[in-house]
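Trainee: I would like to learn how to read the features of a model like this one, step by step. Could we begin with the cysteines?

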Amino acid sequence: MTMLYTGGDCSVSNQCQDPDKFQCTDFNGGPPDNSQVGVESWIMVTDDGFETTYFDGPVKVYERFLVENGMERFPADQVIRIWSDSSKSEAALLQEVFYHSSCSQNLDLLNRFGAIAIVGWFNEEQGNITGFANTSVSVTASIPISADLLGDTGGSATVDTLTIITTATPVDGSEALPPTFFNLTDSVAGVVLQPDQEFKAEIAVPLDLGIPYNYNFLITLTATTDAGRVCTGTGLLDFQAGGLPPGLEFGNDACASIGYGDDGGGGGGGGGGKGKGKGKGL
């Protein structure tokens, strides 16, 4: 299973299991919340007898980590413990979660157990299932090269650099994720553009389909004309993606609405998004 360290105390839990199958306890103020992106904790996932360890290591808030059992099925119950550091001392313990990890209880993708959300897994029937998606976003730049830039004889322009900065802000107004920087210069430098020719490039953007985000892109391109003039163009692109279908919420209401049977099942993600940004030469 792939888990996401979302941060947060036990009150943020959203899951579909019977009350006697899930327990969550906070200690020493609980884990950092989701506004503290990048803060590191120590997480350990074991069976309920503390005999087999499936993960043991440092994880930052909003970082994913893999819980594995050698491609064997997990036991009926798991324990997740979170400490503020690697000492695993009582003073450093922040949260302890017990939950049922077999199919006798509904275990749905994007369920949240305290500070941990399940965002992906592998099973025999469907293979890898995930609540994330890497989506290729096309960026189109229209380069209006005017006569005063090219000179009386006309000409073209050669691309020098292309960079893109992306940010993702939850639609609920909480703190944005750290910006991601893409430098596409190596793949586009030297491309020759004629006047008003459209220029396209693609980047693979990781989208969190479990939570609706507003995604924003700042695109910057530089090119040099035959006359030696350096042009700089910028463009903005934004769209919204992710979240559950309309009318559903995380937690027991969502589970009841979807109507899973006794064998459990996988929950659903949300939609994607596409867009185009246009940069104009200055």
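Trainee: Is C10 buried or exposed?

Mentor: The label depends on relative accessible area, with buried meaning under 20%. C10 has a relative accessible area of 16%, so this cysteine counts as buried. Keep in mind throughout that we are reading a predicted model.

Trainee: Which cysteine does C10 pair with, and how far apart are their sulfur atoms?

Mentor: A disulfide is a covalent bond between the sulfur atoms of two cysteines. Here C10 forms a disulfide with C24, and the two sulfur atoms are 2.0 Å apart. The pair links distant parts of the chain, since C10 sits in the loop between β1 (2–5) and β2 (23–26) while C24 belongs to strand β2, 14 residues apart. A search of the whole structure finds one disulfide.

Trainee: Is the disulfide of C10 and C24 left-handed or right-handed?

Mentor: The handedness is read from the torsion about the S-S bond, which for C10 and C24 is about -80°, so this disulfide is left-handed. For another cysteine to look at, take C231, which counts as buried because its relative accessibility is 9%.

Trainee: Turning to the interior, how many residues does the largest nonpolar core have, and which have the most contacts inside it?

Mentor: A nonpolar core joins buried residues of nonpolar types through side-chain atoms within 4.5 Å. The largest one in this model has 52 residues, and those with the most contacts inside it are M3, Y5, I43, F65, I80, Y99 and F217. Strand β16 (residues 213–225) supplies the largest share of this core, with six residues. To follow one member outward, take F65, whose contacts beyond four places in sequence include M3, Y5 and I43, as well as M1, F55 and I116.

Trainee: What does R112 touch, once residues up to four places away in sequence are set aside?

Mentor: R112 is found in strand β8 (residues 112–113), and with that exclusion it touches T6, G7, V12, S13, N14, Q15 and A117. The C-alpha atoms of R112 and M3 are 9.5 Å apart in space, although the two residues are 109 apart in sequence. For the protein as a whole, residues 24 or more positions apart account for 69% of the contacts with a separation of 6 or more.

Trainee: Which residues other than glycine have a positive phi, and where do they lie?

Mentor: Two cases to examine are M71, with a phi of about 65°, and K88, with a phi near 55°. M71 lies in the loop between β5 (64–66) and β6 (77–83), whereas K88 is placed in the loop between β6 and β7 (93–100). M71 counts as exposed because its relative accessibility is 65%, while K88, at 31%, counts as partly exposed.

Trainee: On the surface, which residues make a nonpolar patch?

Mentor: I165, F181, L218 and L236 make a nonpolar surface patch of about 400 Å². Of these, I165 is found in strand β12 (residues 157–170), and its relative accessibility of 35% makes it partly exposed.

Trainee: How do the totals for the protein read?

Mentor: The secondary structure comes to three helices and 18 strands, and buried residues make up 44% of the 282 residues. The accessible surface is about 14000 Å², of which 49% belongs to carbon and sulfur atoms.

Definitions and conventions
Residues are numbered from 1 along each chain as its sequence is written. This is a predicted model: local features need pLDDT of at least 70, side-chain atom pairs count only at pLDDT 80 or more; totals for chains, interfaces and linings use all residues. Side-chain values use heavy atoms; hydrogens and water are left out. Patches are made of residues with over 30% relative accessible area and no salt bridge: like charges are joined within 9 Å, nonpolar side chains (Val, Leu, Ile, Met, Phe, Trp, Tyr) within 5 Å. Accessible areas come from the Shrake-Rupley method with a 1.4 Å probe; for residues, only the protein chains shown count as cover. A salt bridge is a side-chain nitrogen of Lys or Arg within 4 Å of a carboxyl oxygen of Asp or Glu. Helices (H or I, at least four residues) and strands (E, at least two) are DSSP runs, numbered from the N terminus. Buried means under 20% relative accessible area, exposed over 50%, partly exposed in between (1.4 Å probe, protein chains only). Contact means heavy atoms within 4.5 Å. A disulfide is a pair of cysteine sulfur atoms within 2.5 Å.
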